Amino acid sequence: SRNELGRIYFFGSRGVPEDLPRAYMWYRLAANVYVSHIGTLKTMQPICDAMTPEQHTTAKRLLESWEPGQCEKELTTSIKRQ
């Protein structure tokens, strides 16, 4: 789920606008769970390269404020936007 949310926010798909800080947050959380998932780690670098300093700060804040259950909240919010 986390990896898929990263993809949705990175590409701005499924009616959700592109949001690089959120994409980074979800890919980073996916990488924390699936440390051996090299694809997730490789996906994060282009996001890092594309983000502005403000977006890096936002991504850091999002990671620090993340809590369990947020994935479901994000999915529900994303679906409602469609």
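Helices here are DSSP runs of H or I with at least four residues, numbered from the N terminus. The model is predicted.

**Exercise 1. Place Leu20 and describe its surroundings.**

Which helix holds Leu20? Is Leu20 buried or exposed? Which residues does Leu20 touch?

*Solution.*

Step 1. Locate the residue. Leu20 sits in helix α2.

Step 2. Check its accessibility. The cut-off for buried is under 20% relative accessible area. Leu20 has 8%, so Leu20 is buried.

Step 3. List its partners. Residues up to four places away in sequence are set aside. What remains is Phe10, Ile47, Ala50, Met51 and Gln55.

Step 4. Take one distance across the chain. Leu20 and Met44 are 24 residues apart in sequence. Their C-alpha atoms are separated by 9.9 Å.

**Exercise 2. Outline the fold and its confidence.**

How many helices and strands does the protein chain have? Where is confidence lowest, and where is it highest?

*Solution.*

Step 1. Count the elements. The protein chain has five helices and zero strands. Along the sequence the pattern reads α-α-α-α-α.

Step 2. Take the overall confidence. Mean pLDDT for the protein chain is 78. A value of 70 or more is reached by 71% of the residues.

Step 3. Find the extremes. Helix α5, residues 70-81, has the lowest confidence, with a mean of 63. Helix α1, residues 2-11, has the highest, at 88.

Step 4. Add burial and contacts. The protein chain has 82 residues, and 33% of them count as buried. Among contacts with a separation of 6 or more, 59% join residues 24 or more positions apart.

Step 5. Finish with the surface. The accessible surface of the protein chain is about 5,000 Å². Carbon and sulfur atoms account for 54% of that area.

**Exercise 3. Dissect the largest nonpolar core.**

How many residues are in the largest nonpolar core? Which helix supplies the largest share?

*Solution.*

Step 1. Size the core. The largest nonpolar core has 18 residues.

Step 2. Name its best-connected members. Tyr9, Phe10, Tyr24, Trp26, Ile47 and Met51 have the most contacts inside this core.

Step 3. Assign the contributions. At least two residues come from each of α1, α2 (20-33), α3 (38-50) and α4 (53-65). The largest share is that of α2, with eight residues.

Step 4. Look at burial in α1. The buried residues there are Asn3, Leu5, Gly6, Ile8, Tyr9 and Phe10.

Step 5. Follow the chain out of α1. Next comes Gly12, with a positive phi near 65°.

**Exercise 4. Classify the aromatic pair.**

How many aromatic pairs are there? Which geometry do the rings of Phe10 and Phe11 adopt: stacked, edge-to-face or tilted?

*Solution.*

Step 1. Count. There is one aromatic pair.

Step 2. Read the geometry. The ring centres of Phe10 and Phe11 are 4.8 Å apart, and the planes meet at 80°.

Step 3. Apply the cut-off. Planes over 60 degrees apart count as edge-to-face. The pair of Phe10 and Phe11 is therefore edge-to-face.

Step 4. Compare the burial of the two partners. Phe10 is among the buried residues of α1. Phe11 counts as exposed, because its relative accessibility is 57%.

**Exercise 5. Map the salt bridges.**

How many salt bridges does the structure hold? Which residues are linked in a network?

*Solution.*

Step 1. Count. The structure holds three salt bridges.

Step 2. Start with Arg7 and Glu4. Their closest N and O atoms are 3.2 Å apart. The two residues lie three residues apart in helix α1, so about one helical turn separates them. Arg7 is partly exposed at 35%. Glu4 is partly exposed at 25%.

Step 3. Add Arg14. Arg14 forms a salt bridge with Glu4, at 3.0 Å from N to O. Arg14 lies in the loop between α1 and α2, while Glu4 is in helix α1, so the pair ties together parts ten residues apart in sequence. Arg14 counts as exposed, at 52% relative accessibility.

Step 4. Join the bridges. Glu4, Arg7 and Arg14 are linked in a network of salt bridges.

Step 5. Turn to Arg22 and Asp19. Their side chains meet in a salt bridge at 3.6 Å, N to O. Arg22 is partly exposed at 22%. Asp19 is partly exposed too, at 25%.

Key:
Residues numbered from 1 in each chain as written. Heavy atoms only, no water. pLDDT = per-residue confidence, 0-100. Core = buried A, V, L, I, M, F, W, Y, C linked by side-chain atoms within 4.5 Å. Buried < 20%, exposed > 50% of the residue type's maximum accessible area, 1.4 Å probe, protein only. Phe/Tyr/Trp six-rings, centres within 6.5 Å; stacked < 30°, edge-to-face > 60°. Salt bridge = Lys/Arg side-chain N within 4 Å of Asp/Glu carboxyl O. Contact = heavy atoms within 4.5 Å. Areas by Shrake-Rupley, 256 points an atom, 1.4 Å probe, with all protein chains shown as cover.
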